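Please open the model in your viewer, with the sequence panel beside it, and follow the stops below in order. Each stop says what to select and then what is to be found there.

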Amino acid sequence: MSELKIYNSIHRQKEVFTPITPGHVGMYVCGPTVSGESHLGHARPYITFDVVNRYLRFLGYKVRYVRNITDAGHFEEEGREAEDKISKKAILEKLEPMELVQKYTNLYHWAMLQFNNLEPSIEPTATGHIIEQIEMIKKIMEKGYAYEVDGSVYFDVKKYAASYDYGILSGRVLEDMLETTRELEGQDEKRNKADFALWKKAPPEHIMRWPSPWGEGFPGWHIECSAMSAKYLGSQFDIHGGGMDLQFPHHECEIAQSEIAHGELMARYWMHNNMITINGRKMGKSYGNTITLTEMFSGNNPQLEKGYSPMVIRFFVLQTHYRGTLDFSNEALQAAEKGLQRLWAAYEVLQKLTYSSNGQPINEELDKQVRQLCAELPDFMNDDFNTAKVMANLFELAPVINSLKGGQIKMHEISEDTFQLLQYSWKTYLVDILGIQMEVLGTDEDKLDGVLQMLINMRKEAKARKDYATSDKIRNELLAVGIQLKDEKDGSVSYSIVQD
RNA sequence: GGUUUCAUGGCCGAGUGGCUAGGCAGAGCUCUGCAAAAGCUCGUACAGCGGUUCGAAUCCGCUUGAAACCUCCA
């Protein structure tokens, strides 16, 4: 079998994955800022890295997956007073800052559950690690790469760049940046434009504030990920993931801080997922074209023709390679919905099939083809998590499964081993690794099934006496409430719940 | 302005120096009381212009178009 290769953003090439500690993987992924509701764009990294997590586990690695929650609103805008995004919004909504944080954290967790994302091993919060962040800033100051101005602390990028490679991740050149960045509007305590805040002094109206050696304030944006990843994964770990838009400045700054504080490159493999676009444009707050996840599910957004279930979105995301942009459109989502239904139907059929052979000969060509399609699956995953190709092969196998059921292909035409490989492959790749899981009916399932069987029998009786008006009425009215009947070849009737 | 990336059939999207991606939509056929589902078959794409090559959509150059990052952003 092939080796796992990961496209490492820092070297701009695919590299064989070798963990620092054999058998173990430390992975850090930048999580959400819980000052608002997650939108479709946010879903991509969480789904992408969920599959990475799942696949690494499948390969037998013991994975420690850390995904943070940024609950300390902190950022600075050039030319303006530093402001606290979270406390600002909190005033608008008349909520305590932590109340707001809790609300959106809960909503986020709920969405992750809907997507069938496995929970991270550790989900640290920024506010829970203020001490670690302060300690790390102190260390950077001791080394002489940070300076304090009026209660704020800045990282000295120019000094850092003199001895280290600032731009190693993003490919940026410091000189270019110094020349090309925008005009300052008055404020600047920073020695250089490229310097970034490690700690910011809190203005009086700022609600979220903590005591520090430099007075009351709050941590800079980049420091939390460096401090928390080091605490739980060590000063160097295996994989750092996040969206492409975080590559600069966020990840570049993380690297610089961590290098000074811990003396080594913080992560060995950097993975960046590409953006979701809408009408060719990145979905983002600044463009005002976001669709929140609850809107996606409900369809309550002018850009949506209807709601799409979380699994449809997961499927939609995984049908594309994670490094490519993914263009949102209703047509594409509806295509994904149909595709998912077909794939899942085939999966359910496959799980119910049992192997039997009466000693008749195997169709060697077919048997070989099925084995090959299954055998390629790990190769695709190993090739930088090519979920799109995995999907394609599953789709190619679907007609075989359906034919096995429909009788176009007889079971004896494939060997028992091949059949078992087929069942195993679908369960493993579709369900365990891609994480596709259609919601099972709740506890009322038995009752619903009982009612449906009754209706199916009534329809059968009507058909037997050629009362098609009645049989069609039953079928059509069930369809209207979202239950599709299917007349099988053997005369039995099955049903499926239509996704909406 | 700087840095970088991308350009594939009606739509979404893989991939590769020469061999069918796949899905959705569409057409025909089979099955069926009808329908749905399912099965079979079909379109024959790779922005434009040059170049390298026996051969390029895949490599190089130019042109055009689009996007991302440089500022909070997944």
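Begin with the domains of this predicted model: select domain 2 and domain 3 of chain A, whose centres, taken over C-alpha atoms, are separated by 27 Å. The domain assignment places domain 2 at residues 293–433 and domain 3 at 445–497, while domain 1 covers 5–273.

**The helix H10**

Next, select residues 310–318, which make up helix H10; 9 of its 9 residues are buried, so this helix is largely enclosed by the rest of the structure. Showing the side chains brings up the buried residues of H10, among them Met311, Arg314, Phe315 and Phe316. What do the buried residues of H10 pack against? If you colour the surroundings by element, you will find that these residues pack against helices H1 (40–58), H3 (97–114), H9 (293–298), H11 (330–352) and H13 (387–406), as well as against strand E13.

**The sheet around E11**

Strand E13, residues 326–328, leads to the next stop, an open sheet of 3 strands in the order E12-E11-E13, with mixed pairing. Strands E12 (281–282) and E13 are the edge strands, each pairing on one side only. Select E11, residues 276–278, together with E12, and you will see the two paired in the antiparallel sense over 2 bridges; within this pair, Ile278 stands opposite Arg281 of E12.

**Asn289 and its surroundings**

Continue along the chain to Asn289, in the loop between E12 and H9. Is Asn289 buried or exposed? With a relative accessibility of 10%, Asn289 counts as buried. A polar atom of the Asn289 side chain lies 3.0 Å from the backbone nitrogen of Gly284. Leaving aside neighbours within four places in sequence, the residues in contact with Asn289 include Ile278 and Arg281, as well as Lys282 and Gln303.

**RNA strand B**

Now display RNA strand B and select the residues around it, which number 61; His42, Trp221, Leu246, Lys282 and Thr320 come nearest. The largest share of the surface near the RNA strand, 8 residues, comes from H13. Which part of RNA strand B accounts for 66% of its atoms within 4 Å of the protein? These atoms belong to sugar or phosphate, and the rest belong to bases.

Three side chains are worth selecting one at a time. In Lys338, an N or O atom of the side chain is 2.8 Å from a phosphate oxygen of RNA strand B. In Arg475, an N or O atom of the side chain is 2.8 Å from a base nitrogen of the RNA strand, and in Ser286 a polar side-chain atom lies 3.0 Å from a base nitrogen.

**Cysteines and a glycine**

For the cysteines, select Cys225 and Cys30 together: the sulfur of Cys30 is the closest cysteine sulfur to that of Cys225, but at 3.9 Å it is too far for a bond, because a disulfide requires the two sulfur atoms to lie within 2.5 Å. The structure as a whole holds 0 disulfides. Cys225 is buried at 2% relative accessibility, and Cys374, with a relative accessible area of 3%, is also buried.

Finish at Gly144, in the loop between helix H4 (130–142) and strand E5 (146–149). Gly144 is partly exposed, with a relative accessible area of 27%. Add Phe155, 11 residues away along the chain, and the C-alpha atoms of these two residues will be found 9.3 Å apart.

Technical notes: Residues are numbered from 1 along each chain as its sequence is written. Chains are lettered from A and ligands numbered from 1 in the order in which they are written. This is a predicted model: local features need pLDDT of at least 70, side-chain atom pairs count only at pLDDT 80 or more; totals for chains, interfaces and linings use all residues. Side-chain values use heavy atoms; hydrogens and water are left out. Two strands pair if DSSP finds at least two bridges between them. Helices (H or I, at least four residues) and strands (E, at least two) are DSSP runs, numbered from the N terminus. Domain bounds come from an automatic or database domain assignment. Buried means under 20% relative accessible area, exposed over 50%, partly exposed in between (1.4 Å probe, protein chains only). Contact means heavy atoms within 4.5 Å. A polar contact is a pair of N or O atoms within 3.5 Å; within protein, one must be able to donate a hydrogen and the other to accept it, and residues adjacent in sequence count only if both atoms are side-chain atoms. A residue is near a molecule or strand if one of its heavy atoms lies within 4 Å of it.
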